[in-house]
Amino acid sequence: MKIKLYKTNIVKNTAMLYMMNIAKMIFPLLTLPYLTRVLSVNCYGFVSYVKAVMQYMQLIVDFGFTLSGTKDIVLSKNQQNFGYEVGNILISKLILSCLAGIVLCAVIYLIPILRDNILYTLLSFLVVFLTNFLFDYLFRGLEKMEIITIRFVIMKGLATILTFAVIHGDSDILWIPILDIIGSLIAILLVGIEVFKLKIKLKCSGFKVIAEKIKSSAIYFFSNMATTAFMALNTLVIGFFLSPSEVAYWSLCLQMITAVQAMYTPLTDGIYPHMVKSKDLGLIKKAVKLYMPIISIGCLFTFAVSKYALLIFGGQLYVAAANILRALIPVLFFGFLSMLLGWPTLGAIDKQREVTITTIFTAIVQVLGLGVLLLTRQFSLLNIALLRGVTEFLLFGLRFRYVLKFKSAFQ
């Protein structure tokens, strides 16, 4: 009976996360063709550049608590502990938000493109700050994914509708973060209602416990930081050495790849709480058998229609980036495997260190590869895309090796 309940929860949570990630994919793809047409190529490149910077700010604010917090909630004994867990994590994240703000001020001072558009950059950071109050880890740990999904759809749906209404050119770009702020505030209100219904009262255990929370979550942070180095770092470096238009080409291709990868996350997030409890390697094998044929067909389809996809989503000016999109296809293929073998598999058997090591090692390879491309004057969007595929394959290979090594730890 308990096994049947586990399976039911996995199916329900995975379905809810798929709904959310379909929304994550659809909403940006709805606005993408519109923004690439009403904004100049240089302006769209700037917007994408700020988005890449905010990915790093979001990492500092989250500090791995999406995973470590979920695990803490799963392992909590009673509802009173939930209040302490959420309260301690919230204070930890607020402290980290102050640190992120200091880092951002330094980055704005150093990078002219951000300094020249400081208000847009600060408003974008406010969106990141507001995520502190969404408590995703709580609802993931309680396996109430429907709360996250409904909140997200309302938040992003409203921002998407208003985008078409108020953004008509480069002079309107401040509305992009403002609309996200409005959506976030509504989402926070909905989350507050759900927390009240659950009768969870936020409490703090003291700064010693908070320091321990931050310390224990650090390994997840470094792993996530290294993961972001694969994608966001490329955009940041491209912004330093190439033109804003090339930033726009890269960002459009990357957004299309990311939209497809958003379909992977519901499965890995849906499996994770169950894997923490059961350590069932058979579930991972079933996921590979079910999804890899679908992903393979999708990769072939992407290769065939890349020009038409860029024409639809970006317009005629972006068709020249077709070879870049094709070169990123290995990221789609091996990305699913490396994600699945990461936190849902190795993380479930307390091999957080190994997950982090594999991510950091491949991130270092990525950084060194970018350095080699710069030194050999081969720094082009196509070569960066090919390098990204190589590092994703390396990440999968290293994690697969660890799964074989620790196979006896699974049931």
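I call a residue buried under 20% relative accessible area, exposed over 50% and partly exposed in between, with a 1.4 Å probe and protein chains only. The model is predicted; local features need pLDDT of at least 70, side-chain atom pairs count only at pLDDT 80 or more, and totals for chains, interfaces and linings use all residues. Residues are numbered from 1 along each chain as its sequence is written, and side-chain values use heavy atoms, leaving out hydrogens and water.

**Cysteines.** I looked for disulfides, meaning pairs of cysteine sulfur atoms within 2.5 Å. I found 0. Cys-98 is in none; its nearest cysteine sulfur, in Cys-105, is 11 Å away. Cys-98 counts as exposed because its relative accessibility is 52%. I then checked Cys-299. Its sulfur lies 15 Å from the closest cysteine sulfur, in Cys-253, which is too far for a bond. Cys-299 counts as buried, because its relative accessibility is 8%.

**Core.** I looked up the largest nonpolar core (buried Ala, Val, Leu, Ile, Met, Phe, Trp, Tyr and Cys residues joined through side-chain atoms within 4.5 Å). It has 128 residues. Those with the most contacts inside it are Met-57, Phe-135, Leu-138, Trp-250 and Phe-336. Helix α2, residues 41-62, gives the most to this core, 15 residues. Helices here are DSSP runs of H or I, at least four residues, numbered from the N terminus. I followed Leu-138 further. Leaving aside neighbours within four places in sequence, Leu-138 is in contact (heavy atoms within 4.5 Å) with Ile-73, Val-86, Val-195 and Ile-200.

Notes. Helix = DSSP H or I, 4+ residues; strand = E, 2+ residues; numbered from the N terminus.
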